[in-house]
Structures are given as structure tokens and as C-alpha cells.
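This briefing takes up charged pairs, nonpolar packing, sheet architecture and cysteines in turn. Please read it alongside the sequence and the coordinates.

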Amino acid sequence: MKKLVFSLLAVIALAAAAFAGLRAFLRRFLPQTEGSARLPGLHGPVEIIRDRWGVPHIYAEDEDDLFFAQGYVHAQDRLWQMELQRRMGAGRLSEVLGEATLEVDRFVRTLGLNRAAEDELPSLPRETRQALEAYAAGVNTYMRQRPGQWSVEFTLLRFEPQPWRPVDSLYWAKFMSLALSGNWASETLRARLAVKLGADLAADLEPAYPANNPTVVSGPGLPPGSEPPPNGWGSPAVREALALVESLLGSGAPRPQSPTPRAGVIRINPGASNQWVVNGQRTATGRPLLANDTHMAVAMPAIWYQVHLEGGRYHVAGVSFPGAPGVVVGHNQRCAWGLTTAWQDAQDLFFERINPADPTQYEFRGDWRPLQTVQEVIAVKGRTKPEVVEVKLTHHGPIVSGLMGESTPTALRWVALDPTDMLGAVLGYDRAANWQEFRAALASWAAPAHNFVYADVEGHIAYFQAGWMPVRAKGYGIAPAPGWSGEYEWQRFLSLDELPQTLDPESGWLGVANNLVVDPNYPHFLSADLENPCRATRLVELLTARDKVSAADFAAMQRDTYSAQAQRFVRHLLPIQPTNMREARALEILRGWDYHIMADSVAATLYETVRIYALHVVFDRHLGELADAYVGVDPSPLGDTGPYHDRSIVRLLEILDDRRGDSVWLRDPETGIPQPKSELLHRALRIALRDLKTHLGEDMETWTWGRLNRIHFAHPLGSVKPLHLLFNRGPYPMPGDRDTLLRASGKPAFPFQPVAVVDALRFIADLNDWDRCQIIVPGGQSGHVASPNYADQIPVWRNGLMLTLPFSRPAVERSARERLVLSP
């Protein structure tokens, strides 16, 4: 017995020693955050004060030093993330990660994000280049200061980061444009549906945009005799565009489609967001309140980095992207702002006609033009020879047919592949003193297009849409068009004055949630690929429920889990006549539900699962191999949720709400005989109960939503065991779904995979007192796993709480935990 005890004690001692050794090893990579350091490249002293959460408050005497210091602290805390991000945007992941990321690199190099960033750099205004150069100098100074001790990930992967260049910041900006632009995926699916079903049936899959959508901009009116542009879903223009595709490609058979590649350890998902603002008449303080929660992919480290900058013309606080200077969402001394994706249609696909006698030429307006060819050489770790991707380009852009699994040569025209100045817009509104200066800064915001809400200390509130929205000579870019005719070319971009905007509405509030923001009197086309307005509708319901609102009310709204979609769908399930006790119990649970998607809700599990199967029961037999994409499974190598998910569920609800019950989608495709809606829904219920029992066990009372809807804070290296124990956090049960203000969405397929998109930032700006602004980013400030700030904001975020972001110098001093002084 004594030997056994001694053996156990020895094992424990060895384990403790190993843990202590690992901890000591990991702590070697932690940066200096206290004391002083002399750094070449600075003009004057810089002070960096950090609070208990590791948020840096940076004070510099001039703007070069300010951005130098921002680059320095980004590198201190997130250099590995910055390295990964620049490699994502440049298509160079496989150099260090090997075969697992080769599809991502092929994807990026074919699109030409790397080429676009490199072309953009020399075209930037001097002020933007100067900020990028100062930022890069700060990053490189840190790298030189800490050779071999940058981050443990570099040690594990056995490579050293190359010096940071200004173009590296642009690589990530281009990649974010890709992550937040999904129109070409919609065009691709529309074309495939038109070829398989014909234009009429394919157009019938597009629902009408919900009539209860709350718009924020009233147009000035349309020219006499003209029709409203097809903003939203389901307009006649969709059928016209699909008829053109059908005439070009034929119909009756599915298009050739290659196996869908997967991206291994790298995943992105289209983002979304909620944002709203009220003026002082609607608050107890008499000053505006503004809220923004950005819905983005969750990972370790977090995508956002909190920072406070003061120096030169800048005094601004909020969140930044590691890898770039400035503050993207936040406030300065005069104004506050938030943003959401606008889903402008700034991508077009063009079918190209290749010369059958000379495959190096393509046709345009009756002439043969030379195709440009680019050889993209991708180094792959573990290979002796690189991967060579030959990219063909027309004047429209790169031919991307291979990425889509299509045989018809198809080129992509996309705003983000043009030279732009997105950083110039960010730095411009960071300095803005009023709404006029803020709006003027948005002129250079090109892609991806965003909605901005705004408030200032003078009491103004405003909404602005920003993005380079193309105007076509013909059509709307809803589906691929013939590139050889020259009829569908881009003519110009809408001016800032032509884009949607409103200042100081009579209602005293503004709110946007990726929905259609304009009414039918707005004269310009923006998008046919917007999101379901159910979040926006709920937002308006909560905003108008009381005369005065507070920051606490805003925080509760950001965590709201009510789903009107659920209520609308479940009412069609309740009349089902159960055939056994399990079905009867499921219907009883749904009958008593309050339609809040809570983590401890069994009803939420039943609703979410039956809804997925109802989509498949109704549409699979008609759509075949295209059913998954229509239901909303992303066929690209980078995401989980496709652009049609919102539309497919709304179309299903239209079918269920139609009392005639004669929709073509209810008919058996073999016999043409309609099947009762109740029969199809009963089948979906049976399948859902069967699979839930298999997945979660016999006891239905334990089938809580949080067991299926789980959030996993995954690090790229956490995909390799046992590194997941070191780098990853979670999984944790998560309330909400795609349709709730508290968003938690993932791949729409059972069994549900970890939640992919959540509120990656919650921000509330109180213009009565900048020191009372609240913020939370799930994750932590530090990318170093040994840091106490690696994951310390996760429990705060999960509990629905937020942190204050000190702004005045006295408030910063009261919160100070560490102080580092940098000198020339």
C-alpha cells in the first residue's frame, strides 16, 4: 500500500513539475508591459498604460509615434494572429501550415487578393501611407527587440516572422472584404437553380421581402413611369436575370460541379451586426446613446483588439484590427459610431466566351482580346515542389469558374479588387469633429459596404451607408451576365450623396440589422441579397416600447433571445395529430413555449431541429444536389452558412402560411399530386425526434438547446491534439440563433456544429459621459496563452456583462495596472 501511495505521489510530483516547466516556458513569450524601454524610430516619449484587462491606453506627442506605438502593442499581444492574417490575405498559409490550408491559398490567389493589395499600396494618399509606415515600424521594432520570443506558435511551427510591411495591413483588409461579401455565391446558386429547374421555378424559390421590414431611409421618389429598383428579394428582375442565364446555358440538367474543398484549420463566415442610436429626447441624461454588436466568426485570439489612442489630431477609443492602425468602431471626443454589413451588390459574375481557335483570347464587343495570365506560385510545407496556379484574367477580373466547380468560363468583377483607401476612411472618421466630417470620411470607404450609425455631443444622430456601389449599363448583377456583349458593364459608382442616409429623424431613433434600409421610393439599386428583417423588426419593437431608454436597456436588448420566426413556424406544428407519446410530449412542450431561444430550452431544440428537417422534406425532392446550398449550407471552402438560408426559411413560411396549399413545392415531383402541409411537417417532426433521441438520449426533458448550440473558442493550432488543451476554450452552451438579436448561428445542418458567428463585440456609447462607455470582446486582449488576459473576457461576455472603457486621463489613471514608457 505504501508503495502505491509513493507511486501516486511521484506521479503527482512529476505532473506538477511538468506543469511548472510548461508554465515557465510559456511565460518567456510574455511582453514587457511595465518599466521603460528605449526604441529607435520614435520622435518623443510614449506612455502605454494598461488596465486589469490588458487594454492599452497610448499617449504620444505626434501621430507617427502614436501609430508606431499601436503597431508595437499589437505586435506585443497579437503578433501570431497578425502573421496568420497577413498570410491569409496573401495566400501564403501553406508555407507554414502545409496541405491543410492549400485550398484557401488557391482560393485567395485565384481571386487575387494579394495582387489587389500590392496594386493598391502605391495609389494610397500620402497620409494613409505614412500611418501604415509608422505602424509597420512599430511592429518591426518589437520583432527585433524580442528575437525568438515573439509567440509560442512560431516556436511550435518552427519558423520566424518576416519584417512587417505596409502592404501586409492591406492583405488583411482585402481578406475581410472577402469574408463580408457574399453576392457572387448567390449569383452562382441562382444560375445553377435556373439551369436545373428553369427560370420560372428558380425565381419562385425567392420569397418576397417581408412586408414588415422597418426601413430607415425614404427615397425622394421615382421618375414618372419607372419601376422601383429590385432592392430586397423576389422582384421580377430576378426572374429576368434567371431567364437570361437559362437562355445562355440551357436547362434541365445540373451544372458540372467539382467536390467542395474544405479549408482545414481556417474558417471564415459572413458577418452581420445590430446597431441603433437614440437622441437625447429618448434618454434620461438628455444626450444620445448608441449601441453596436458586430456578428463575426469566433476564434482564439479574438478578432477585435481594444485600444485607446491619444496623440496629434487623434483622441479615440474602441476596437481595432490587429495588423492595422486606427479604431474601427468606437468614439472620439466629439462623436461615436457603429457599423453593420450593408450587403451591397458590388460583385458581378460574367460568363466569358473564349476563342475556340485560340484559347488565349476572349471576346468583347465583337473583338478578340488577349487573356492576361498570372502564375501564382504557392510554397507548401512538406513538399519539395511548389503548387503553381495559373490564373486567367479578363478586363472584368479573374476567371473563377474552377473555384465554383463550373465549366463555363466565368470572371468576377468586384470593387475590392480595385485600388481603394479603406484605412483613409477609418482614420478620417477617427478624427471627425461633427457629422459633416464623419460623412466626408466615408467617401473612401469602398468595400465591403457598411451601414454606419452616428451620434455626437451636439445631440445629432444619423445613419449613413458607405461603399462603392456600381451602376450597371443594363441589369442589376443579380445573376451572371454575358461578358462578351458589353451591355452589362459597370458605368460608375453611386456618389456619397446618392447613397442612403438620414440625419436627426423625427422618431428620435435609428436602427439597422443587415436588413433593407430603403423604401420603394429610393431610386437606386443596392442589393437583392439582404438578410431577413426579423432582427430589425424586433429591434424596433423594443426601441418603441418605452419613451426613455438607458444603457442598461441597450445591454438587455443586445442579449434578447425572442424569435418571431419561431412563433410563426411553430404555429404550423401545433395542429399535428401525434401518433405516439413522444410526439405528444414534444408538441406539449412547444405549446407552452415563450419563443425565447434560451440555452436551457427544450422547445428551442425541437423548433430548430424540426425546422431544418422541414426545409429538406419540402425542397430536397425538387432540388436534388442543390438542396443543401438552397437550405443554406455554404459550398465554399471558407464558410458554414450560405447566402440563401434566410430566404429558404422565409419561402417555407410563405408556403406554410398559404391556405390554398397548392404550391409546386408541396407537389410530389414524380406524380405532381400535392401533399398536405401537415403530412410533410409531421414527417419532419418524426425525423427530428428520431435523430434527437439518437444524439441526446431517451429523456426528452434533457434535450436543451445549449447541448446542441455550443460555442467553441478554437485556436488554429488547437485543431491538433493535444494542443487543443492548451489553446482552445469551451465549448460552452449558447443561447440565441440566427434570427435573434443575441446572434448565435452556425451551419444549418443536423447534428449542429459549433456556433460559427456570435456578437464578437458589444459596444454601448454614452455621450453624456465618455468614461461610462461599455465594451466587451469574447476572448481577451492577449494572444499569449500564458497571459491572464488570454481568455479573461469570456466569462464576462457569457454572463451578459460588459467592461467600462476609460477615456479621460483621470479615469485611465484610476484603472491603471501597468505602465510602460517608451523613449527614443
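Glu-654 and Arg-651 lie three residues apart in helix α21 (residues 645–657), so they are separated by about one helical turn, and their side chains meet in a salt bridge with an N to O distance of 3.0 Å. The model is a predicted one, and the points below are grouped by topic.

**Salt bridges**

- Within the pair in helix α21, Glu-654 is partly exposed at a relative accessible area of 24%, whereas Arg-651 is buried at 10%.
- Shared partners join several salt bridges into one network made up of Glu-83, Arg-86, Arg-87, Arg-92, Glu-95, Arg-165 and Asp-168.
- Inside that network, Arg-92 forms a salt bridge with Glu-95, with the closest N and O atoms 2.8 Å apart, and Glu-95 is partly exposed with a relative accessible area of 27%.
- A further salt bridge brings together the side chains of Glu-127 and Arg-313 at 2.5 Å, N to O; this pair links distant parts of the chain, with Glu-127 in helix α6 (residues 126–145) and Arg-313 in the loop between β6 and β7, 186 residues apart.
- Both partners of this link are partly exposed, Glu-127 at 33% relative accessibility and Arg-313 with a relative accessible area of 45%.
- The structure as a whole holds 57 salt bridges.

**Nonpolar cores**

- The largest nonpolar core has 255 residues, and those with the most contacts inside it are Trp-304, Tyr-429, Phe-554, Phe-569, Trp-593 and Phe-619.
- Helix α19 (residues 602–623) gives the most to this core, contributing 14 residues.
- Beyond its neighbours within four places in sequence, Trp-304 is in contact with residues from separate stretches of the numbering, including Arg-78, Met-296, Phe-321, Val-328, Leu-761 and Val-777.
- A second, separate core consists of seven residues, among them Val-374, Ile-378, Val-380 and Val-391.
- As general background, nonpolar side chains tend to be buried together in soluble globular proteins.

**The 11-stranded sheet and its helices**

- An open sheet of 11 strands with mixed pairing runs in the order β1-β29-β2-β3-β6-β7-β8-β9-β16-β17-β21.
- At the edges stand β1 (35–38) and β21 (501–503), and because each has a single partner strand, one side of each is left without a neighbour in the sheet.
- On average, neighbouring strands of this sheet are turned by 15 degrees against each other, direction ignored.
- Strands β6 (residues 305–311) and β7 (residues 314–320) pair in the antiparallel sense over seven bridges, and Gln-306 stands opposite Val-319 in β7.
- Helix α2 (residues 63–90) lies across β2 (46–50), β3 (56–59), β6, β7 and β29 (818–823), and runs at about 160 degrees to β6.
- Helix α13 (residues 422–431) lies across β7, β8 (329–332), β9 (335–341) and β16 (450–456), and runs at about 125 degrees to β7.

**Cysteines**

- A search of the whole structure finds zero disulfides.
- For Cys-335, the closest cysteine sulfur is that of Cys-773, and because the two sulfurs are 12 Å apart, the distance is too far for a bond.
- Cys-335 is buried, with a relative accessible area of 0%, and Cys-534 also counts as buried, at 11% relative accessibility.

Methods: Residues numbered from 1 in each chain as written. Predicted model: local features only at pLDDT ≥ 70, side-chain atom pairs only at ≥ 80, totals over all residues. Heavy atoms only, no water. Disulfide = S-S within 2.5 Å. Buried < 20%, exposed > 50% of the residue type's maximum accessible area, 1.4 Å probe, protein only. Core = buried A, V, L, I, M, F, W, Y, C linked by side-chain atoms within 4.5 Å. Helix = DSSP H or I, 4+ residues; strand = E, 2+ residues; numbered from the N terminus. Contact = heavy atoms within 4.5 Å. Pairing = 2+ DSSP bridges. Axes fitted to C-alpha atoms, helices over the stretch in contact; angles between N-to-C directions. Salt bridge = Lys/Arg side-chain N within 4 Å of Asp/Glu carboxyl O.
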